Amino acid sequence: MHKRLLFALSLLPLAAFGVALRPAPTLASGFPASCAGTYLISEAGGARDFWTFAADGSFFGTTSTQPLYNFSNQQGSWEKVGHDGARGALFAFVYDEDNTLMTTARIDIVVDTVGQACDEIAGSLVVRTFEDGEDPLDPSSDTGYPIASDTFTGRRAKPSP
């Protein structure tokens, strides 16, 4: 239980992106697709992340808490919701102290653009872990409760002029 709580706290920054996820379309048509890119994310709980939204609906993440809590980079998908929003899911492998695979985590995220264009985003996330017999691709198979939730803000990374 202690490990699960520590892991949950470590993923707070990622939990903001969505509670429900439908399969991503071939081309993410929304958010809008012009929002594809890499964002520096600041979670209210203190973690810092890099999230990359690809125009095809792929979603990648890495967070400052990975070394502390022994989990992998995150991969998943996203899709547009409404005019200025998106939802997605990131998945990570979680390892025990001896580097044995312990569980799989799912971070559901809901995000909206802030202001005009895609330079800033904000949202929330919810983290769940999936034990043997549970399917991280089917959140309803989780027999437990979410282990963490958080809010975040993010700024788009841009090359120097």
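I will walk through the barrel of this predicted model, then its hairpins, and then one serine in a loop.

Let me begin with confidence, since what we are looking at is a prediction. The mean pLDDT of the protein is 84, and 81% of its residues reach 70 or more. Over residues 4–30, however, pLDDT stays under 50, and for that stretch the model has 116 contacts beyond four places in sequence.

Turning to the fold, you can see a closed barrel of 8 strands, which runs β1-β2-β3-β4-β5-β6-β7-β8 with antiparallel pairing. Within this sheet, neighbouring strands are turned against each other by 30° on average, if direction is ignored. As a general reminder, strands of a sheet pair through backbone hydrogen bonds, and they can do so in either a parallel or an antiparallel sense.

Let us now follow the strands. Strand β1, residues 37–43, runs antiparallel to β2 and is joined to it by 6 bridges, with Gly-37 standing opposite Phe-53 of β2. These two strands form a hairpin that has 4 residues between them, and in the turn Gly-46 has a positive phi of about 110°.

Strand β2 itself covers residues 48–53, and its two faces are distinct: Asp-49, Trp-51 and Phe-53 lie on the covered face, whereas Arg-48, Phe-50 and Thr-52 make up the uncovered one. On its other pairing, β2 meets strand β3, residues 58–63, in the antiparallel sense over 5 bridges. Phe-53, which we have already met opposite Gly-37, also stands opposite Phe-59 in β3. The hairpin of β2 and β3 again has 4 residues between the strands, and here Gly-57 takes a positive phi near 100°.

Further along, β4 and strand β5, the latter spanning residues 85–95, pair in the antiparallel sense over 7 bridges, and in this pair Lys-80 stands opposite Ala-86 of β5.

That brings me to Ser-72, which lies in the loop between α2, residues 66–69, and β4, residues 74–81. Is Ser-72 buried or exposed? Its relative accessible area is 18%, and because the cut-off for buried is under 20%, Ser-72 counts as buried. If we leave aside its neighbours within four places in sequence, Ser-72 is in contact with Gln-66, Ala-92, Phe-93 and Tyr-95. With Phe-93 there is a specific pair of atoms to look at, in that a polar atom of the Ser-72 side chain lies 2.9 Å from the backbone nitrogen of Phe-93.

Definitions and conventions. Residues numbered from 1 in each chain as written. Predicted model: local features only at pLDDT ≥ 70, side-chain atom pairs only at ≥ 80, totals over all residues. Heavy atoms only, no water. Buried < 20%, exposed > 50% of the residue type's maximum accessible area, 1.4 Å probe, protein only. Pairing = 2+ DSSP bridges. Polar contact = N/O pair within 3.5 Å; in protein donor to acceptor, adjacent residues only side chain to side chain. Contact = heavy atoms within 4.5 Å. Axes fitted to C-alpha atoms, helices over the stretch in contact; angles between N-to-C directions. pLDDT = per-residue confidence, 0-100.
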